[in-house]
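Here is a friendly briefing to read with the model open beside you. The points are grouped by topic, so feel free to jump around.

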Amino acid sequence: MSMRPPLSSLDAQYDLVIVGGGITGAGLLREAVRTGARVLLVEARDFASGTSSWSSKLVHGGLRYLKEGQWRLTLESVRERQRLLREAPGLVEPLPFLMPIRRGARPGRWIMRIGLAVYDLMAGARRSGWLNVAQVRQRVSSLRVDALLGAVHYEDARTDDARLVLRLIQESMALGGTARNYVRANVRCEGGRVTGVSLVDALDGSCREIGASVVVNATGAWAAMLDGAPKGAPTLRPLRGSHLVFDRRRFPLEVAVSWLHPRDRRPIFAYPWEGATVFGTTDLDHDQSLDAPRMSAAERDYLMEGLHAEFPQLALSAKEAISCYAGVRPVVSSGQADPSAESRESAQWVAPGLIGITGGKLTTFRVTAREVLRAAAQQWPQLMPASDEAPVFAPIAEPSEASAVTTRLRGRLGQRWSAFLAAAPAADMEPIGETPYTWAELRWAVAQEQVVHLEDLMMRRTRLGLISPQGGAAFLERIGGICRETLGWDDVRWQQERQAYLDYWARAHAPVTEFES
């Protein structure tokens with residue numbers, strides 16, 4: 001995965017064409033290349049630019065699904081979480097959680113401990129327990145203490161969702177897969193069968209016809225909008241989840257804290273992520289454009305009400321947030337009145353030459369991909385998935401001197417981390433401001449990871465736009481020099497990219513107090 005090649009470099013025929021470059025499409029690409037098939041993935045915008053970069057960034061078993069009786073989904077999710085923790089250290093990291101238990105509140109201590117015992121059983125190891133008030137205060141000193149009996153603690157995991165997608169795509173391309181961002185696809189049909197796609201390059205307008213034995217619609221919340229595709233997508237209920245991002249010095253946490261919102265008893269949480277603190281989430285029907293989700297004033301107020309209920313002594317205000325973000329979940333509608341009661345199961349549909357897939361969870365992308373391939377193999381047998389025991393990620397040689405830095409780089413870059421280290425000038429290994437990113441990482445991304453726009457670099461290759469004041473505006477002068485040098489942008493192009501990025505950040509991620517009420 002390097003600088004983006006033109007459409008003319010693509011073959012005329014593929015065994016499988018995947019439309020959609022989020023976690024579902026990237027996971028499918030990764031599993032499909034194992035079969036030896038010729039596979040192409042195209043994404044209309046940037047990789048992971050839809051739902052898959054605006055999730056809660058948790059790789060989790062879904063503890064709340066136990067309460068709803070979704071045992072299979074919970075077991076599947078726990079097992080996939082454990083697999084990812086083993087295979088991708090530095091990218092998928094253990095995250096200790098604690099949930100305060102208060103006198104007279106439900107669920108009580110013993111109900112939670114029974115549920116967590118089942119959760120541990122599914123994971124094959126005991127990771128939960130009870131903390132008394134002193135132990136809770138030692139871990140989270142700013143927590144409200146009145147009526148506090150203690151807390152249950154358990155373990156899930158966190159990730160950088162956009163980097164997870166990118167690593168899947170990178171490793172797939174290393175094994176012979178092909179992926180292009182900023183390429184719009186229309187489905188071609190002949191005689192009642194899907195036979196391929198018509199591609200249009202969003203940058204230069206060039207077009208190319210591609211034949212395919214099978215096409216997969218993996219466009220998530222956009223599933224019913226794929227031009228030319230046969231009908232059959234399930235009725236989706238797009239649900240918006242919004243989050244606030246705070247400076248970790250202002251909202252310091254070393255562990256994740258989960259609690260129930262006082263208004264509706266929905267679970268909300270706060271946890272350390274990429275040097276900041278993420279707090280969310282909402283779960284509301286989204287009736288705006290899918291291409292421009294943003295937090296509403298009502299969501300801001302809801303989140304701050306929940307935050308003040310558990311962390312009153314911090315006296316945080318919404319205007320102190322570094323940024324906010326909102327993502328739209330492609331949830332399959334079942335007619336539930338409560339959005340949070342809708343299942344997160346995936347849904348699949350089939351037509352001659354086409355498989356459609358939507359819904360599902362970030363954590364279970366591998367399971368979803370294998371289900372899609374089994375359906376595709378009914379039409380093109382070569383696509384039958386390989387052994388279920390095959391690792392998601394290719395093994396990586398251990399560094400001679402392991403450290404937190406090398407673990408992080410190995411997790412984010414995969415097999416390419418050693419090439420990165422060899423190419424990185426020592427001077428570029430300094431951090432960008434107070435963030436966990438280095439200038440070497442940013443330079444590598446510009447040169448090697450199909451960066452097309454400045455937004456790609458600031459919001460997905462790195463997360464500088466989320467964890468830095470004003471979207472990282474203070475770093476843009478130096479970043480502009482790197483983009484000019486590596487991408488060949490002239491001053492006019494750089495100024496256009498800079499302004500487009502800052503306008504986008506102000507529109508979608510600026511501190512929520514700047515939104516109209």
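## Salt bridges

E455 is partly exposed, with a relative accessible area of 23%. Its salt-bridge partner is R460, with N and O 3.2 Å apart, and R460 is buried at a relative accessible area of 1%. Please keep in mind that this is a predicted model. Across the structure, the count comes to 45 salt bridges.

**The D46 and R460 pair**

- R460 also forms a salt bridge with D46, where the closest N and O atoms are 2.7 Å apart.
- D46 sits in the loop between strand 2 (39-42) and strand 3 (58-59), while R460 belongs to helix 12 (residues 454-461), so this pair ties together parts that are 414 residues apart in sequence.
- Both D46 and R460 are buried.

**The R158 and E93 pair**

- R158 and E93 form a salt bridge as well, with 3.3 Å between the closest N and O atoms.
- R158 comes from strand 6 (residues 148-159) and E93 from strand 4 (residues 92-102), so the bridge ties together parts that are 65 residues apart in sequence.
- Are the two partners buried or partly exposed? R158 is buried, because its relative accessible area of 19% is under the 20% cut-off. E93 counts as partly exposed, with a relative accessibility of 29%.

**A shared network**

- Salt bridges with partners in common join K57, D160, D161, E274, R408, R412, E441 and R463 into one network.

## Helix 6 and helix 9

- How do these two helices cross? The axes of helix 6 (residues 161-174) and helix 9 (residues 404-413) come within 8 Å, and the crossing angle is roughly 65°.
- Helix 6 brings R163, R167 and Q170 to the contact, and helix 9 brings R410, G411, R412 and L413.
- By residue class, the contact of helix 6 with helix 9 divides into four charged, two polar and one nonpolar.
- R412 is a name to look for twice, as one of the residues in this contact and as a member of the salt-bridge network.

## S172 in helix 6

- S172 has its place in helix 6 and is buried, with a relative accessible area of 0%.
- Which backbone oxygen does the side chain of S172 reach? The oxygen belongs to L168, and the distance is 2.7 Å.
- A polar atom of the S172 side chain also lies 3.2 Å from the backbone nitrogen of R30.
- Setting aside neighbours within four places in sequence, S172 is in contact with A26, L29, R30, V33 and G177.

## Helix 1

- Helix 1 (residues 23-33) is mostly covered, as ten of its eleven residues are buried.
- Those buried residues are I23, G25, A26, G27, L28, L29, R30, E31, A32 and V33.
- What do the buried residues of helix 1 pack against? Their partners are strand 1 (13-19), strand 2, helix 6, strand 7 (178-180), strand 10 (207-217) and helix 8 (365-377).
- The link to helix 6 can be followed through S172, whose contacts include A26, L29, R30 and V33, and these residues are among the buried ones of helix 1.

## R180 in strand 7

- R180 is found in strand 7, one of the elements that the buried residues of helix 1 pack against.
- With a relative accessibility of 6%, R180 counts as buried.
- Not counting residues up to four places away in sequence, R180 touches P5, P6, S9, L10, L41, V42, E43, F47 and Q450.
- With S9, R180 makes a side-chain to side-chain polar contact of 2.8 Å.
- R180 and I169 are eleven residues apart along the chain, and their C-alpha atoms are separated by 9.9 Å.

## Cysteines

- How many disulfides does a search of the whole structure find? The search finds zero.
- C189 is in no disulfide, and the nearest cysteine sulfur, that of C207, is 18 Å away. A disulfide needs the two sulfur atoms within 2.5 Å.
- C189 is partly exposed, with a relative accessible area of 40%.
- C324, in turn, is buried, with a relative accessible area of 0%.

Note on methods. Residues are numbered from 1 along each chain as its sequence is written. This is a predicted model: local features need pLDDT of at least 70, side-chain atom pairs count only at pLDDT 80 or more; totals for chains, interfaces and linings use all residues. Side-chain values use heavy atoms; hydrogens and water are left out. Buried means under 20% relative accessible area, exposed over 50%, partly exposed in between (1.4 Å probe, protein chains only). Axes are lines fitted to C-alpha atoms, for helices over the stretch in contact, and angles run from 0 to 180 degrees between N-to-C directions. Helices (H or I, at least four residues) and strands (E, at least two) are DSSP runs, numbered from the N terminus. Contact means heavy atoms within 4.5 Å. Ala, Val, Leu, Ile, Met, Phe, Trp, Tyr, Cys and Pro count as nonpolar, Asp, Glu, Lys and Arg as charged, and the others, Gly among them, as polar. A polar contact is a pair of N or O atoms within 3.5 Å; within protein, one must be able to donate a hydrogen and the other to accept it, and residues adjacent in sequence count only if both atoms are side-chain atoms. A salt bridge is a side-chain nitrogen of Lys or Arg within 4 Å of a carboxyl oxygen of Asp or Glu.
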